[in-house]
Amino acid sequence: MATTTRSPSRARTLGAYAPMLVLLLLAGLAVEEGLRLLLTIDPAAQADMAGWYILVLGVVLAATTAYSERPSVTEGTGEDAPGDSDDAARPATPYRDMTICLLLVAAYAALLATLGYVLAGVVVVFVFLHVISRYGWIKSTVYTLVMNAVFIALFELSGVVLPAGILRF
């Protein structure tokens, strides 16, 4: 009876898919929760808007994860993907990035009630852009302010009440 062992490069390639699988699992949970909120019969719950928001968020997360770059193209093959010459300075760190993203989600959930949507969003988006995307201070600040302003405007136009926090905004 012969035993087969997985080659180190194959195991590393399969392990590189773990962040994608976690994101797809989170997307599936978001879609399920959005559908549950939409199908809630109680009109007093006012779950329609939240249901649509979570459902769309889950679909967008699933689509972007499914169509993202596959880790096996750039990791463990020893070959560069076409057009990746400028990414050589930033080695792929999927486990570190996934851990930081999950910590940012937990921090956002913890900060949302006390700081409110505006400040919690600014802090979490800025840290994400600066640490994960490795943007500079100015680019991270500008993108953070623009993204949060757009989301706040969209929520205000759609009538979603955001947690005010310490700013009362």
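## A guided reading of a six-helix model

Residues E33 and R36 lie three positions apart in helix α2, and are therefore separated by about one helical turn. These two residues form a salt bridge, with their closest N and O atoms 2.4 Å apart. E33 is partly exposed, because its relative accessibility is 27%; R36, with a relative accessible area of 43%, is partly exposed as well. The pair belongs to a predicted model, and it offers a convenient point of entry to the whole.

The protein chain contains six helices and zero strands. Followed along the sequence, its elements give the pattern α-α-α-α-α-α. Of the 169 residues in the protein chain, 24% are buried.

Helix α2 covers residues 18–38, and its 21 residues should span 30 Å at 1.5 Å a residue; the end C-alpha atoms are in fact 30 Å apart, so expectation and model agree. Within α2, the buried residues are P19, M20, A27, A30, G34 and L37. These residues cover an arc of only 110° around the axis, which means that they are on the same side of α2. Exposed residues L21 and L25 are carried on the face of α2 turned away from that buried side. A general property of helices is relevant here: an α-helix has 3.6 residues a turn, so residues three or four places apart point the same way.

One of the buried residues of α2, M20, also helps to relate distant parts of the chain. The C-alpha atoms of M20 and S68 are separated by 8.8 Å, although the two residues are 48 residues apart along the chain. S68 is located in the loop between α3 (48–66) and α4 (71–74). Its relative accessible area is 28%, and S68 is therefore partly exposed.

A further salt bridge joins the side chains of R96 and D97, at 2.9 Å from N to O. D97 has a relative accessibility of 13% and so counts as buried, whereas R96 is partly exposed because its relative accessible area is 35%. A search of the whole structure finds two salt bridges.

Helix α6 can be read in the manner of α2. It comprises 22 residues, which should span 32 Å at 1.5 Å a residue; the end C-alpha atoms are 32 Å apart, in agreement with that value. The buried residues of α6 are S140, T144, N148, I152 and F155. Viewed down the axis of α6, these buried residues fall within an arc of 80°, and so they line one face of the helix. I138 and L157 are exposed on the other side of α6. I138 counts as exposed because its relative accessibility is 70%. Just after α6, G159 adopts a positive phi of about 85°.

I138 also belongs to a nonpolar surface patch, together with W137, V142, Y143, V146, M147, V150, F151 and L154; the patch has about 910 Å² of accessible area.

The UniProt record, an unreviewed entry, places the feature "transmembrane region" at residues 12–30, 50–67, 100–133 and 145–167. In the model, residues 50–67 are 94% helix and 0% strand, with end C-alpha atoms 26 Å apart. Residues 145–167 are 61% helix and 0% strand, and the end C-alpha atoms of this span lie 16 Å apart.

Technical notes:
Residues are numbered from 1 along each chain as its sequence is written. Side-chain values use heavy atoms; hydrogens and water are left out. Helices (H or I, at least four residues) and strands (E, at least two) are DSSP runs, numbered from the N terminus. The expected span of a helix is 1.5 Å times one less than its number of residues. Buried means under 20% relative accessible area, exposed over 50%, partly exposed in between (1.4 Å probe, protein chains only). The arc is that of the directions from the helix axis to the C-beta atoms. UniProt positions are given in the numbering used here, feature names are shortened, and annotations may be inferred rather than shown by experiment. Patches are made of residues with over 30% relative accessible area and no salt bridge: like charges are joined within 9 Å, nonpolar side chains (Val, Leu, Ile, Met, Phe, Trp, Tyr) within 5 Å. Accessible areas come from the Shrake-Rupley method with a 1.4 Å probe; for residues, only the protein chains shown count as cover. A salt bridge is a side-chain nitrogen of Lys or Arg within 4 Å of a carboxyl oxygen of Asp or Glu.
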